[in-house]
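Work through the exercises below with the sequence and the structure side by side, and try each task before reading its solution.

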Amino acid sequence: MTSREGLVKQAKKVLEQNWLGYATKPAPRLYPHQWSWDSAFIAMAYAHYDSPRAIQEMRSLFEGQWQNGLLPHIIFNQKASDYSPGPEFWRIDRSPHASKDVMTSGIIQPPVHATSILHIAHQDPDRDRGLAFLREMFPKLKSWHAYLYKERDLEQNGLISIRHPWESGQDNSPIWDQALSRIRIEAGMVPEYRRVDTDIVNVIERPTTAEYDHYAYLVKNFYENDYDESRIFQSSPFIIQDVLFNSLLVQANRDLSTIAHLVGEDSQIFDQWAMQTSNAMNEKLWDSTHGIYFDYDLVSGQAIHAHVAAGFSPLYAGVPNAAQAELILANLNTYGFCPLDEVCWAVPSYDKLEPGYSPSRYWRGPVWINVNWVLYRGLCRYGFQAYAEHVKQAIIKLPSEYGFYEYFDPDTGQGHGSESFSWTAALLLDLLLEEENYGQFD
Ligand code: GLC
């Protein structure tokens, strides 16, 4: 077992190796560009020991923001030409809003950015620099959240919709199966694309070709509609109100409200958004029979009954009341999600008792450190210390015993996907280093 100091050193080394000079790539070969929510998680670690780098990480991400506020999920690294699908796949030149100078994708990822940016300022030993950074980022964050409520709140109830599985960050989750299977792929519907993921990691851990065809088809629909959100939503077969996305947004709105206070701006709208989204999650996404929140498919008009760990993420944002939270804890503490009294690693991303569960396939069972981090914070918020500790132990011990992998087998702990994965290192660092740090705005 590595010592705490040794582990901190190794984790910092992973981030250092993935540093591109202006931002951090998620992994050495599999993900050579800058990814949106990865950077927000990565910057949370830098915030503890290298504030200028944390600031740089988020600054470079927002350089790719579109004029309508859309924050793209990938900012392409011009020097990494061996990644596919690359910038040309997205045809963002067809959007009147896309950045002209920075090459980006045309979809989004979960909005953890306000949370990360507040944390960076909070940890900065130079209070003035932290405040100046908040002042610089406030208008960009406001425009990002305003885009979500203007373009993605289709029912005007505060629930934000995603229009591609990749927007959820849980790319290959079973949540999307039904919606994707409704799309009948015929000749000529799928644009040409090339994959490199299956050259780098084991093909059985990655999405199938049929799934990838669906992903590509959806992207074609975006550019054929010139990235006009209302036209896309009128024609899209894939529109989903996702639990994890909305949970992270509720907290991000609260954090943006705090940022507004700190920089002397009006904070009211952010509190309103947080409340509206949280209420709508309870009204529409909560399932009291199973003690979990389910995604909602706006095309079929039905809840998606996929028992995924992300269904417990509303704990993170304080969305459930005490009685709902108890039901969630009871559900988490069962065989399918690795209970306290079993020898296993918490928390499998998908219920082990579900038919499509796999301990090694991307988002269909393995433990992900960022989902654990979200659940750990949520469990602490409700005082569920024993289970919180169980989840925290997995965040620390999985990388220390098996390496800094992208995801881990919930039974054996074996690492899968890419090694030297940045957010695995970063979120472990966040937990280890938060014990010794102070905050500026307490
Ligand atoms: C995978 C994950 C996604 C992440 C990306 C880069 O596609 O599903 O959430 O952002 O890798 O790490």
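**Exercise 1.** Leaving aside its neighbours within four places in sequence, which residues is Q65 in contact with? Then locate Q65 and decide whether Q65 is buried or exposed.

*Solution.* Bear in mind throughout that this is a predicted model.

Step 1: Once the neighbours within four places in sequence are set aside, the contacts of Q65 are L70, L71, P72, S99, K140, S143 and W144.

Step 2: Following the chain, you find Q65 in the loop that runs between α3 (51-62) and β2 (74-75).

Step 3: The relative accessible area of Q65 is 14%, and because buried means under 20%, Q65 counts as buried.

Step 4: Looking at the side chain of Q65, you can see that it reaches the backbone oxygen of G69, at 3.0 Å.

**Exercise 2.** Determine which cysteines form a disulfide, using a cut-off of 2.5 Å between the sulfur atoms, and describe the surroundings of each cysteine considered.

*Solution.* Step 1: The sulfur atoms of C338 and C344 are 2.1 Å apart, and these two residues form a disulfide; by this rule the count comes to one disulfide.

Step 2: The angle about the S-S bond is 95°, and the link between C338 and C344 is right-handed.

Step 3: C338 has a relative accessibility of 0% and counts as buried, while C344, with a relative accessible area of 14%, is buried as well.

Step 4: C380, by contrast, is in no disulfide, since the nearest cysteine sulfur, which belongs to C338, is 17 Å away. C380 is partly exposed, with a relative accessible area of 26%.

**Exercise 3.** Which residues surround the ligand, and where do polar atoms of the protein lie with respect to the oxygen atoms of the ligand?

*Solution.* Step 1: Begin by listing the residues around the ligand, which are P26, Y31, W35, W37, D38, Q109, G169, D171, Y362, W363, F421 and W423.

Step 2: Among the side chains, W37 has an N or O atom 3.0 Å from an oxygen atom of the ligand, and D38 has a polar side-chain atom 2.6 Å from an oxygen atom of the ligand.

Step 3: For G169 you must look at the backbone instead, where an N or O atom lies 2.5 Å from an oxygen atom of the ligand.

Step 4: Finally, consider the ligand's surface: on its own the ligand has 310 Å² of accessible area, and the protein covers 98% of that area.

Terms used. Residues numbered from 1 in each chain as written. Predicted model: local features only at pLDDT ≥ 70, side-chain atom pairs only at ≥ 80, totals over all residues. Heavy atoms only, no water. Helix = DSSP H or I, 4+ residues; strand = E, 2+ residues; numbered from the N terminus. Buried < 20%, exposed > 50% of the residue type's maximum accessible area, 1.4 Å probe, protein only. Polar contact = N/O pair within 3.5 Å; in protein donor to acceptor, adjacent residues only side chain to side chain. Contact = heavy atoms within 4.5 Å. Near = heavy atom within 4 Å. Areas by Shrake-Rupley, 256 points an atom, 1.4 Å probe, with all protein chains shown as cover.
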